[in-house]
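User: I would like to go through this model step by step, from the whole chain down to single residues. Please give the reasoning before each value.

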Amino acid sequence: MVAGTQAEKAAHNSIGLFKITNVSGKRRDVVPKTFGNGEDEDEDDEDDSDSDDDDGDEASKTPNIQVRRVAHHGCVNRIRAMPQNSHICVSWADSGHVQVWDMSSHLNALAESETEGKDGTSPVLNQAPLVNFSGHKDEGYAIDWSPATAGRLLSGDCKSMIHLWEPASGSWAVDPIPFAGHTASVEDLQWSPAEENVFASCSVDGSVAVWDIRLGKSPALSFKAHNADVNVISWNRLASCMLASGSDDGTFSIRDLRLIKGGDAVVAHFEYHKHPITSIEWSAHEASTLAVTSGDNQLTIWDLSLEKDEEEEAEFKAQTKELVNTPQDLPPQLLFVHQGQKDLKELHWHNQIPGMIISTAGDGFNILMPYNIQNTLPSELPA
């Protein structure tokens, strides 16, 4: 995992590369076996003591975290690893610079050692970036690698401009003429998972735009997505016609891009969160599932295929002896709520392990696997 810092002094910022091993977990029961009155739910609790002890041993395993740090001048606004070559990453700095880095030596060092940086106090190492682009007129947050063309990159700034990067002879050639179509800061952008020349972007002006780099510097399609700033977008990798967007007013919407020209393309709109949406991402393994983080310190998981089921709710009440009732004010598509982190910034689904999510926040990061999605880790985690 790669992450960046936002330190009090610019010179104290760094890029961190994390190696996490010995990841384990424990599934919790929806209803505890012992209720508040001290009575056991089942008479065979005593028979289960051995399995409970095993669960306790499993839960006592502590994950091992190692880190290597690379000096980065200025706050890291956003950082992304190239999907085709994960040792190459790009960072957006609050200094207005976009930098490309080769982290292969640090990844190799972590792979070969079980102790380096284990206590979290690894020294900050100095390394020059492969490329340092200063052509943006302001800092930015929007950045994305192409999943189809290795090395192709987009970066968008707070002055509404987007630059295209193309790999060239071991380096990158940045088009000096930007894509221009938004009237305010470009907050996020993402390449289409199906069309190698198409990408989408969102802006503080409330709009979402779809671009085709073969058709010039103006958007092929633009529409008002929200009545407030649009902070984040996510393109469904398994159903490429679906695009999700999250807004500063706490709402997020799902659109079917095939319906844009015919009228209202919104297929789902949710007003559950009451603070700005800070991250949104479709699952890499389930086309109907996406996760959202918000300024209300919640990470929520949604399954658009779910509908209210009266029979299922009645069965659930019977199983729990009506000690747990189904909330009436929650959307049926809300699958899971994760809390406990403060100032949630970003989330990502694990590409190789179904159901696993990594979330970053002002007070650290979590690795979680919601019990009602997937709760079995593979015997060996992918590297």
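Analyst: Before we start, a residue is called buried when its relative accessible area is under 20%, with a 1.4 Å probe and protein chains only. Please keep in mind that this is a predicted model.

User: What percentage of the residues in the protein chain is buried?
Analyst: The cut-off to apply is a relative accessible area under 20%. Counted over the 383 residues of the protein chain, the buried share comes to 43%.

User: How many helices and how many strands are there in the protein chain?
Analyst: Helices and strands are taken as DSSP runs, with at least four residues for a helix and at least two for a strand. On that basis the protein chain holds three helices and 28 strands.

User: Is His106 buried or exposed, and which side chain does its own side chain meet in a polar contact?
Analyst: His106 sits in helix α2, which spans residues 104-112. Because its relative accessible area is 4%, and the limit is under 20%, His106 counts as buried. Apart from neighbours within four places in sequence, its contacts are Leu17, Arg68, Val70, Leu125 and Gln127. The polar contact of the His106 side chain, at 3.0 Å, is with the side chain of Arg68.

User: Which strand gives the largest share of the largest nonpolar core?
Analyst: The largest nonpolar core has 15 residues, and those with the most contacts inside it are Phe252, Ile254, Ile280, Leu290 and Trp302. Two or more residues each come from β19 (242-247), β20 (252-256), β21 (266-270), β22 (277-282) and β23 (289-294). The largest share, three residues, is that of β22.

User: How many residues does the second, separate core have?
Analyst: This core is separate from the one just described, and the residues it includes are, among others, Val198, Ala200, Ala225 and Ile260. Its size is 14 residues.

User: Which are the edge strands of the open sheet of four strands?
Analyst: The strand order in this open sheet is β14-β15-β16-β17, with antiparallel pairing, and the twist averages 15° from one strand to the next. An edge strand here pairs on one side only, and this holds for β14 (186-191) and β17 (221-224).

User: Which residue in β17 stands opposite Ser207?
Analyst: Strand β16, residues 207-212, pairs with β17 in the antiparallel sense over four bridges. Opposite Ser207, the residue in β17 is Lys224.

Terms used
Residues are numbered from 1 along each chain as its sequence is written. This is a predicted model: local features need pLDDT of at least 70, side-chain atom pairs count only at pLDDT 80 or more; totals for chains, interfaces and linings use all residues. Side-chain values use heavy atoms; hydrogens and water are left out. Buried means under 20% relative accessible area, exposed over 50%, partly exposed in between (1.4 Å probe, protein chains only). A polar contact is a pair of N or O atoms within 3.5 Å; within protein, one must be able to donate a hydrogen and the other to accept it, and residues adjacent in sequence count only if both atoms are side-chain atoms. Contact means heavy atoms within 4.5 Å. A nonpolar core is a set of buried Ala, Val, Leu, Ile, Met, Phe, Trp, Tyr and Cys residues joined through side-chain atoms within 4.5 Å. Two strands pair if DSSP finds at least two bridges between them. Axes are lines fitted to C-alpha atoms, for helices over the stretch in contact, and angles run from 0 to 180 degrees between N-to-C directions.
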